[in-house]
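Reader: I am new to protein models and would like to learn how to read one. Could you take me through it feature by feature?

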Amino acid sequence: MHGTVKWVDGVMTLAESGSGHIGGMDGPLELGGKNHGLRPMEMLLLGTGGCALFDVITMLKKSRQSISNCRVELQAERADGVPAVFTAINLHFVVEGEGLKDNQVARAVQLSAEKYCSASIMLATGGVEVCLLYTSPSP
């Protein structure tokens, strides 16, 4: 895996992944930014959510669950000092679909947390308290 992050102006940067996708990052006005992009730590948090959601959706599809909507709501806490690292991240999956089996949803979330989500496992290994939970509407 590789990528490049290029300075544009002020504190704005443009990131290009090895797969050719481009995204902008910027800072708030008070830190020299123009607020034209995600903050780098937001990108890290959202990437973690995307990684875990990818796992959960893939596993639910493989177990033939009929998913109509699936999202992960993220909440993170950061240290007060510098560096303001993540100290805790909560990933709350909301899964909707016809005839969803609660045990299948629970298992997909558990496997993402324990085995498959490289991002959340890496952060947890580094000392971040990572909590994955889910809700699915009752039939």
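## Reading the model

Author: Start with one residue: Ile22 is placed in strand E3. Keep in mind throughout that this is a predicted model.

Reader: Is Ile22 buried or exposed?

Author: The label depends on relative accessible area: under 20% is buried, over 50% is exposed, and what lies in between is partly exposed. Ile22 has a relative accessible area of 58%, so this residue is exposed. For contrast, take Ser120, which is found in helix H3. Ser120 counts as buried because its relative accessibility is 2%. Over the whole protein of 139 residues, buried residues make up 27%.

Reader: What does Ile22 form on the surface together with Val8 and Leu14?

Author: Val8, Leu14 and Ile22 form a nonpolar patch, and their accessible area together is about 270 Å².

Reader: How many helices and strands does the protein have?

Author: There are three helices and six strands. Their order along the sequence is β-β-β-α-β-β-α-α-β. For the overall dimensions, the C-alpha trace spans about 50 × 35 × 25 Å along its principal axes.

Reader: How far apart are Ser120 and Ala84, in sequence and in space?

Author: Ser120 and Ala84 are 36 residues apart in sequence, and 18 Å separate them in space, taken from C-alpha to C-alpha.

Reader: Next, salt bridges. How many does the count come to?

Author: The general idea is that side chains of opposite charge can pair when their charged atoms come close. Here the count comes to two salt bridges. One joins Asp9 and Lys34, with their closest N and O atoms 2.9 Å apart. Asp9 belongs to strand E1 (residues 3-9) and Lys34 to the loop between E3 and H1, so this pair ties together parts that are 25 residues apart in sequence. Asp9 is partly exposed at 40% relative accessible area, and Lys34 is partly exposed at 47%.

Reader: Which residue does Arg71 form a salt bridge with?

Author: The partner of Arg71 is Glu73, and the closest N and O atoms of this pair are 2.9 Å apart. Arg71 has a relative accessible area of 36%, so Arg71 is partly exposed. Glu73, at 35%, is also counted as partly exposed.

Reader: That leaves the pockets. What is the volume of the largest pocket?

Author: Rolling a probe the size of a water molecule over the atoms shows where empty space is left. In this model the largest pocket has a volume of about 300 Å³. Its lining consists of 13 residues, and those nearest the centre are Ala15, Glu16, Ser17, His21 and Met43. Strand E2 (12-17) and strand E3 (22-25) each give at least two residues to that lining. Sorted by class, the lining has six nonpolar, six polar and one charged residues.

Reader: Which residues line the second largest pocket?

Author: The lining is made of Pro40, Met43, Leu44, Gly47, Thr48, Cys51, Ala119 and Met122. Two elements give two or more residues each to this lining, namely helix H1 (40-62) and helix H3 (118-125). H1 provides the largest share, six residues.

Reader: How many residues of each class are in that lining, and how much space does the second largest pocket hold?

Author: The lining of the second largest pocket has six nonpolar, two polar and no charged residues. The space in the second largest pocket is about 250 Å³.

Notes: Residues are numbered from 1 along each chain as its sequence is written. This is a predicted model: local features need pLDDT of at least 70, side-chain atom pairs count only at pLDDT 80 or more; totals for chains, interfaces and linings use all residues. Side-chain values use heavy atoms; hydrogens and water are left out. On a 1 Å grid over the protein atoms alone, a cavity is a set of points where a 1.4 Å probe fits but cannot get out, and a pocket is an open set with protein on both sides within 12 Å along at least five of seven lines; lining residues have an atom within 4 Å of a point. Grid points are joined across faces, edges and corners, and a volume is the space filled by probe spheres set on the points. Helices (H or I, at least four residues) and strands (E, at least two) are DSSP runs, numbered from the N terminus. Ala, Val, Leu, Ile, Met, Phe, Trp, Tyr, Cys and Pro count as nonpolar, Asp, Glu, Lys and Arg as charged, and the others, Gly among them, as polar. Patches are made of residues with over 30% relative accessible area and no salt bridge: like charges are joined within 9 Å, nonpolar side chains (Val, Leu, Ile, Met, Phe, Trp, Tyr) within 5 Å. Accessible areas come from the Shrake-Rupley method with a 1.4 Å probe; for residues, only the protein chains shown count as cover. A salt bridge is a side-chain nitrogen of Lys or Arg within 4 Å of a carboxyl oxygen of Asp or Glu. Buried means under 20% relative accessible area, exposed over 50%, partly exposed in between (1.4 Å probe, protein chains only).
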